[in-house]
Amino acid sequence: MKRIITATVQDRSGVLNRITGMLHKRQFNIDSISVGTSETEGLSKMTFVVEIGDHQKLEQLTKQLNKQIDVIKVSDITDKAIVARELALIKVGGSGHLHAEIQGIIAPFRASVIDVSRDSLTIQVTGKPDKVEALVSLLRPYGIKELTKTGVTAFLRGQQPKQVTEINSFTI
């Protein structure tokens, strides 16, 4: 099952390398990773999409991430209310007469043409990963010359309900 894991980390040289190295050593396959500055100076946010077989492996991953010296906070946000987006740039082959047809395909996806040449169009699309993948699938018959994606970036939506833990009828 794919899990979306976020980590708040110190904005220092080598942090990404250490974390991906740790994931590699423990044989976790990273489907996507995105890293960028956060709202707090000196901290960055990482978003990983990782294929994890079971709950025990997920627990192992979060514990190992938390052990990293530069990691401040780790969260598995997969099953929570989140905002998740991905950016893709897609270069599609096609001459002038196909441009209008391709424009018709990309319009419902709110994608835009960002570059035009005699024999290709470059399209930009942002959205949920399944939306991006749906557009890529529709454009494949036109001949995708190049494709690049940023990877998923995500965080929790607005207010999340607090988890309540009961122990012997006492609420904590």
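Student: Which residues lie nearest the centre of the largest pocket?

Tutor: Thr 6, Lys 45, Ala 154, Phe 155 and Leu 156 do, out of 24 residues that line the largest pocket. Keep in mind that we're looking at a predicted model.

Student: What makes a residue part of that lining?

Tutor: A lining residue has an atom within 4 Å of a pocket point. For the largest pocket, 24 residues count as lining. Elements that give two or more of them are β1 (2–10), β2 (29–37), β3 (43–51), β4 (71–76), β5 (82–93) and β9 (153–156).

Student: What is the volume of the largest pocket, and what kinds of residue line it?

Tutor: Its volume is about 500 Å³. The lining has 10 nonpolar, nine polar and five charged residues.

Student: How do you know where the largest pocket lies relative to domain 1 and domain 2?

Tutor: Look at who supplies the lining. Domain 1 (2–80) and domain 2 (84–155) both give residues to it, so the largest pocket lies between them.

Student: What about the second largest pocket, which domains does its lining draw on?

Tutor: Domain 1 (2–80) and domain 2 (84–155) each supply at least three residues of that lining. Among the lining residues are Lys 2, Asp 31, Glu 86 and Pro 129. From β2 and α4 (129–139) come at least two residues each. The second largest pocket has a volume of about 200 Å³, and by class its lining holds three nonpolar, three polar and five charged residues.

Student: Where does the "domain: ACT" label come from?

Tutor: UniProt places that feature at residues 4–79, in an unreviewed entry. In the model, that span is 32% helix and 41% strand, and its end C-alpha atoms lie 9 Å apart.

Student: Now helix α3. Why is Ile 105 called buried?

Tutor: The cut-off for buried is under 20% relative accessible area. Ile 105 has 18%, so Ile 105 counts as buried.

Student: Which other residues of α3 are buried?

Tutor: In α3 (residues 96–106), His 99, Ile 102 and Ile 106 join Ile 105 in being buried. These buried residues cover an arc of only 120° around the axis, which puts them on the same side of α3.

Student: Why do residues three or four places apart in an α-helix point the same way?

Tutor: An α-helix has 3.6 residues a turn, so that spacing brings residues round to the same direction.

Student: What is on the other side of α3?

Tutor: His 97 and Ala 100 are there, and both are exposed. Exposed means over 50% relative accessible area.

Note on methods
Residues numbered from 1 in each chain as written. Predicted model: local features only at pLDDT ≥ 70, side-chain atom pairs only at ≥ 80, totals over all residues. Heavy atoms only, no water. 1 Å grid on protein atoms, 1.4 Å probe; cavity = no way out; pocket = protein on both sides within 12 Å on 5 of 7 lines; lining within 4 Å. Points joined across faces, edges and corners; volume = space filled by probe spheres on them. Helix = DSSP H or I, 4+ residues; strand = E, 2+ residues; numbered from the N terminus. Nonpolar A, V, L, I, M, F, W, Y, C, P; charged D, E, K, R; others polar. Domains from an automatic or database assignment. UniProt positions renumbered as here; feature names shortened; annotations may be inferred. Buried < 20%, exposed > 50% of the residue type's maximum accessible area, 1.4 Å probe, protein only. Arc of directions from axis to C-beta.
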